[in-house]
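Let's take a walk through this chain, from a single side chain out to the whole fold and back again. Have the viewer open as you read.

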Amino acid sequence: MRLWEVLWTHYLSEHLHLYVCVAILRRYRSKIIGEEMDFDTLLKFINELSGHINLDATLREAEALCICAGENGEACIPPGTPPSLPFEVTSMYNQQDNDDIL
């Protein structure tokens with residue numbers, strides 16, 4: 001729950017979730033590289049970490065990575081990368097006035 005709360009605050013960056021992912025990969029990189037995990041094995045390994053990640057340490061490292069990357073890091077993230085919102089907020093559903101329906 002706490003992780004979701006931190007991510008939804010967009011603290012430091014709206015892309016903090018990417019820095020959290022990098023922090024997790026950095027923490028387990030020796031195991032990932034040592035076992036030469038393919039994509040499916042890596043995905044399974046990361047999913048199995050659920051509930052076993054030291055959240056405080058991971059968030060501290062993600063924060064440090066975000067600060068270190070600064071504006072240059074933000075510039076490398078393509079516009080529209082979730083959870084970014086589009087510049088023009090439009091409704092996903094076309095709304096019609098009651099007069100238009102009849």
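Leaving aside its neighbours within four places in sequence, which residues is S13 in contact with? The answer is Y19, C66 and E74. Keep in mind that you're looking at a predicted model.

To find S13 yourself, go to the loop between α1 (2-8) and α2 (16-27). Is S13 buried or exposed? Its relative accessibility is 4%, and buried means under 20%, so S13 counts as buried. The side chain of this serine also has a polar partner: one of its polar atoms lies 2.9 Å from the backbone nitrogen of H15. Put together, S13 sits in a loop, is buried, and has contacts with Y19, C66 and E74 once the sequence neighbours within four places are set aside.

Now zoom out to the whole chain. How many helices and strands does the secondary structure come to? Six helices and zero strands, and reading along the sequence gives you the pattern α-α-α-α-α-α. The chain has 102 residues, and buried ones make up 24% of them. As for the outside, the accessible surface comes to about 8400 Å², with 58% of that belonging to carbon and sulfur atoms. Contact order is worth a glance too: take the contacts between residues at least 6 apart in sequence, and 75% of them join residues at least 24 apart.

Next, the empty space. Rolling a probe the size of a water molecule over the atoms shows where such space is left. The largest pocket here has a volume of about 620 Å³. It is lined by 23 residues, and those closest to its centre are L3, W4, L7, V20 and I24. Which helix gives the most to this lining? That would be α2, with six residues. At least two lining residues come from each of α1, α2, α4 (39-48) and α5 (55-76). By class, the lining breaks down into 15 nonpolar, seven polar and one charged residues.

Since α2 is the top contributor to that lining, let's look at some individual residues on this helix. Start with L18, which is found in α2. Its relative accessible area is 30%, which lands between the 20% and 50% cut-offs, so L18 is partly exposed. Not counting residues up to four places away in sequence, L18 touches I77 and T81. If you want a distance to check, the C-alpha atoms of L18 and L65 are separated by 10.0 Å, with their positions 47 residues apart along the chain.

L25 also lies in α2. With a relative accessible area of 39%, L25 is partly exposed as well. Where does L25 make its contacts, leaving aside neighbours within four places in sequence? With I32, L42 and I46. The last of these is 21 residues away from L25 in sequence, and the C-alpha to C-alpha distance is 8.7 Å.

Then there's R26, again in α2. It comes in at 40% relative accessibility and counts as partly exposed. Beyond its sequence neighbours within four places, R26 is in contact with E61 and L65. R26 and E61 are 35 residues apart in sequence, yet 9.4 Å apart in space, C-alpha to C-alpha.

One last stop is about backbone geometry. Most residues other than glycine have a negative phi. What is the phi of E36? It is positive, at about 45°, although E36 is not a glycine. You'll find E36 in the loop between α3 (29-34) and α4. Its relative accessible area is 69%, and the exposed class begins over 50%, so E36 is exposed. That makes a neat pair of loop residues to compare on screen: S13 is buried, whereas E36 is exposed.

Methods:
Residues are numbered from 1 along each chain as its sequence is written. This is a predicted model: local features need pLDDT of at least 70, side-chain atom pairs count only at pLDDT 80 or more; totals for chains, interfaces and linings use all residues. Side-chain values use heavy atoms; hydrogens and water are left out. Helices (H or I, at least four residues) and strands (E, at least two) are DSSP runs, numbered from the N terminus. Buried means under 20% relative accessible area, exposed over 50%, partly exposed in between (1.4 Å probe, protein chains only). A polar contact is a pair of N or O atoms within 3.5 Å; within protein, one must be able to donate a hydrogen and the other to accept it, and residues adjacent in sequence count only if both atoms are side-chain atoms. Contact means heavy atoms within 4.5 Å. Accessible areas come from the Shrake-Rupley method with a 1.4 Å probe; for residues, only the protein chains shown count as cover. On a 1 Å grid over the protein atoms alone, a cavity is a set of points where a 1.4 Å probe fits but cannot get out, and a pocket is an open set with protein on both sides within 12 Å along at least five of seven lines; lining residues have an atom within 4 Å of a point. Grid points are joined across faces, edges and corners, and a volume is the space filled by probe spheres set on the points. Ala, Val, Leu, Ile, Met, Phe, Trp, Tyr, Cys and Pro count as nonpolar, Asp, Glu, Lys and Arg as charged, and the others, Gly among them, as polar.
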